[in-house]
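Subject: Structure handover

Hello,

Here is the structure I promised. Please open it alongside this message; my notes follow below.

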Amino acid sequence: SQATGTGATLDFDTKWTPAFSTKASLVDQRTSIHDVLPTPLNAEVNAWGATVAATYIAQVDQFRLNAGRSISPSGGGGMYDVDTLQFQYDRKLSARLSFMGALLGLRANALTANIAGNDHKYAETIVEMKWMMSPTWYVQGGYQYAWQKYQSNLTSAVNNRIYIEFGYKGLGQQR
């Protein structure tokens with residue numbers, strides 16, 4: 001297959017205060033797709049996207065919000081527009097103990113005929129705790145719940161995950 005795309009992106013990055021910043025992006029894209037297998041496809045796709053991100057960092061808390069529409073290629077030689085909404089909350093409970101909670105929602109819509117019917121929805125939630133045993137060694141554990149639904153399949157997939165991880169994280173660059 002062969003795809004040729006042209007487009008433009010306009011980004012706005014703003015730091016309103018030392019604690020609060022935002023980013024916004026607008027995207028316009030035109031793509032020509034020529035595919036032979038598994039079925040012939042010659043398509044012109046005009047797609048757009050717009051995203052916004054906001055971050056608030058306090059002394060012990062951090063809030064992040066990302067929302068918008070992006071353009072994504074598929075493994076099947078087509079394109080999707082993907083609507084996402086993500087929220088994440090981080091909190092330092094002590095010098096060594098931290099908490100993270102996140103919610104993610106995603107909806108992908110096929111833009112080309114060769115992947116029609118592969119639209120899908122996805123949602124995930126994560127709750128996690130991390131304890132630094134030393135400046136470099138940590139233990140981390142949490143729970144994740146994921147749900148996925150494809151338009152072409154009447155059933156949905158659900159996954160629950162409970163995990164514990166032991167790891168090493170370097171100190172970073174020393175000045």
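A charge sits over a ring if NZ of Lys or CZ of Arg is within 6 Å of the ring centre and within 35 degrees of the ring normal. Lys-130 meets this with Tyr-138: its charged end is 4.5 Å from the ring centre. Arg-161 does so with Tyr-163, lying over the ring face at 4.2 Å from the centre.

Some ground rules. This is a predicted model, in which local features need pLDDT of at least 70 and side-chain atom pairs count only at pLDDT 80 or more, while totals for chains, interfaces and linings use all residues. Residues are numbered from 1 along each chain as its sequence is written, and side-chain values use heavy atoms, with hydrogens and water left out.

The sheet

Strands here are DSSP runs of at least two residues, labelled E and numbered from the N terminus. Two of them pair if DSSP finds at least two bridges between them. In general, strands of a sheet pair through backbone hydrogen bonds, either parallel or antiparallel. Here nine strands form an open sheet, in the order E1-E2-E3-E4-E5-E6-E7-E8-E9, with antiparallel pairing. The edges are E1 (2-15) and E9 (156-168). Each has a single partner strand, so one side of each lacks a neighbour in the sheet. On average, neighbouring strands are turned by 10° against each other, direction ignored. That angle is taken between axes, which are lines fitted to C-alpha atoms; angles run from 0 to 180 degrees between N-to-C directions.

E7 (residues 120-132) and E8 (residues 137-150) share 13 antiparallel bridges. Met-129 has Gly-141 in E8 as its bridge partner. His-120 stands opposite Tyr-150 in E8. E6 and E7 pair over 12 bridges, also antiparallel. Leu-104 faces Glu-124 of E7.

The E7-E8 hairpin

Four residues make the hairpin connection from E7 to E8. Thr-136 is in this loop. Its relative accessible area is 13%, so Thr-136 is buried (under 20%; exposed is over 50%, partly exposed in between; 1.4 Å probe, protein chains only). Beyond its neighbours within four places in sequence, Thr-136 is in contact (heavy atoms within 4.5 Å) with Gly-167, Tyr-168, Lys-169 and Leu-171. Gly-170 is 34 residues away in sequence, yet its C-alpha is 5.7 Å from that of Thr-136.

The aromatic cluster

Rings of Phe, Tyr and Trp (its six-membered ring) pair if their centres lie within 6.5 Å; planes under 30 degrees apart count as stacked, over 60 as edge-to-face and the rest as tilted. The structure has five such pairs. Tyr-56 and Phe-63 are tilted, because their planes are at 35°, with centres 6.4 Å apart. Both are partly exposed: Tyr-56 at 38%, Phe-63 at 31%. Tyr-89 and Phe-99 are tilted too, at 6.3 Å and 55°. This pair links distant parts of the chain, from E5 (residues 79-92) to E6 (residues 97-110). Phe-99 is partly exposed at 25%. Tyr-56, Phe-63, Phe-87, Tyr-89 and Phe-99 form one cluster.

The core

A nonpolar core is a set of buried Ala, Val, Leu, Ile, Met, Phe, Trp, Tyr and Cys residues joined through side-chain atoms within 4.5 Å. The largest has six residues: Ile-33, Leu-41, Ala-43, Val-45, Ala-47 and Met-79. Strand E3 (residues 41-57) gives the largest share, four residues. Outside its neighbours within four places in sequence, Ala-47 is in contact with Val-27, Asp-28, Gln-29, Ile-71 and Leu-111.

Best wishes
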